[in-house]
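Thank you all for coming. Please have a look at the sequence and the structure, and then I will take you through a few places in turn.

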Amino acid sequence: MVKVDKSYGYVDDNLREIRSNIAEAAAKCGRDEKSIRIMAVTKTVAPEIVNHAVGAGIGLLGENRVQEFLSKQEIYDISAEVHFIGNLQTNKVKYIIEPMTMIQSVDSLKLAQEINRLAIAHNKVMNILCEVNIGKEASKGGIAPDETADLLERIAPLEGIRVKGLMTIPPPSDGDIFLGRMEELFNNIKDRNIEGVDMDELSMGMTHDYAEAIKHGSTIVRIGTGLFGARNYNF
Ligand SMILES: *Cc1c(COP(=O)(O)O)cnc(C)c1O
């Protein structure tokens, strides 16, 4: 667990600053700040602190690890929506199909098929984003940019899944170039009007680049350290 000031007041201060930066970035490019949601990325953060953020108005949580989520799930304030944003093995989908409302890290047909199978078994339609490896980095998950439209076309007919858009983690350096490429890819795919694919959400931007990401059309910014402070991996 992270060591924290019991009042967790620093979370409120950080959130105030993030909201003000988002408003400023949105105003600069003529966007409505309400079209941008803040996701609190919770990895390594104690559930009590996450709940404090929910109390302060964060309505969306992002989980990277199934095991960690399961250990915190019962303590979480249930008023927040939870999305999965990490590398997901097909054999772990069963743990998140019920409690989560979106899986943002879908990067293969095989994973989509397993989500589809379980969603149908649970009588639900799971929202997903396709994760794009926009920097084509060997170390990262995500589908190659030029294979993305094809994957979406294959996922679209699956009845237990609704495609809502794209997600990416751009390379840390030259981020702005890749944010721009991602915006272009998003708009290209949107223009194709693929049946069964809603291109409503573009999930990109983290603590170091969310203002830039907003300039490039992001609708969900995923913030960890900027909200909760530096991570302690001993969780
Ligand atoms: C950790 C993480 C974030 C948040 O990163 P920060 O730099 O701490 O804001 C966002 N997205 C994903 C997929 C992550 O794993």
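Let me start with a question: is Lys136 buried or exposed? Before I answer, I should say that this is a predicted model, and that everything I describe should be heard with that in mind. Lys136 is exposed, its relative accessible area being 61%. I picked this residue because of its backbone: although Lys136 is not a glycine, it has a positive phi of about 50°, and it sits in the loop that runs between β5, residues 126–132, and α6, residues 148–155.

There is another residue to set beside it, namely Thr44, which is not a glycine either and yet has a positive phi of about 70°. Thr44 is also in a loop, here the one between β1, residues 37–41, and α2, but its surroundings are of another kind, for Thr44 is buried, with a relative accessible area of 1%.

That loop brings us to α2, and I would like to spend some time on how this helix meets α1. The axes of α1, residues 9–28, and α2, residues 47–55, come within 10 Å and cross at roughly 45°; since angles under 35 degrees would count as roughly parallel and 65 to 115 as roughly perpendicular, the two helices are therefore oblique to each other. The crossing in which α1 passes α2 is right-handed.

Which residues in α1 and α2 meet? On the α1 side they are Tyr10, Val11 and Asp12, and on the α2 side Ile49, His52 and Ala53. Sorted by class, this contact is made of 4 nonpolar, 1 polar and 1 charged residues.

Within that contact I would single out Val11, which belongs to helix α1 and, at 0% relative accessibility, counts as buried. From C-alpha to C-alpha, Val11 and Ala53 are 6.6 Å apart in space, although 42 residues separate them in sequence. Leaving aside residues up to four places away in sequence, Val11 touches Ile49, His52 and Ala53, and in addition Leu227 and Phe228.

Leu227 leads me to the last topic, the nonpolar cores. The largest of these has 69 residues, and Leu227, together with Leu166, has the most contacts inside it. Apart from that core lies another, of 8 residues, including Val41, Ile85, Met102 and Met167.

I will stop there, and I am glad to go back to any of these places.

Technical notes. Residues numbered from 1 in each chain as written. Predicted model: local features only at pLDDT ≥ 70, side-chain atom pairs only at ≥ 80, totals over all residues. Heavy atoms only, no water. Axes fitted to C-alpha atoms, helices over the stretch in contact; angles between N-to-C directions. Helix = DSSP H or I, 4+ residues; strand = E, 2+ residues; numbered from the N terminus. Parallel < 35°, antiparallel > 145°, perpendicular 65-115°, else oblique. Left-handed = near helix turned anticlockwise from the far one by under 90°. Contact = heavy atoms within 4.5 Å. Nonpolar A, V, L, I, M, F, W, Y, C, P; charged D, E, K, R; others polar. Core = buried A, V, L, I, M, F, W, Y, C linked by side-chain atoms within 4.5 Å. Buried < 20%, exposed > 50% of the residue type's maximum accessible area, 1.4 Å probe, protein only.
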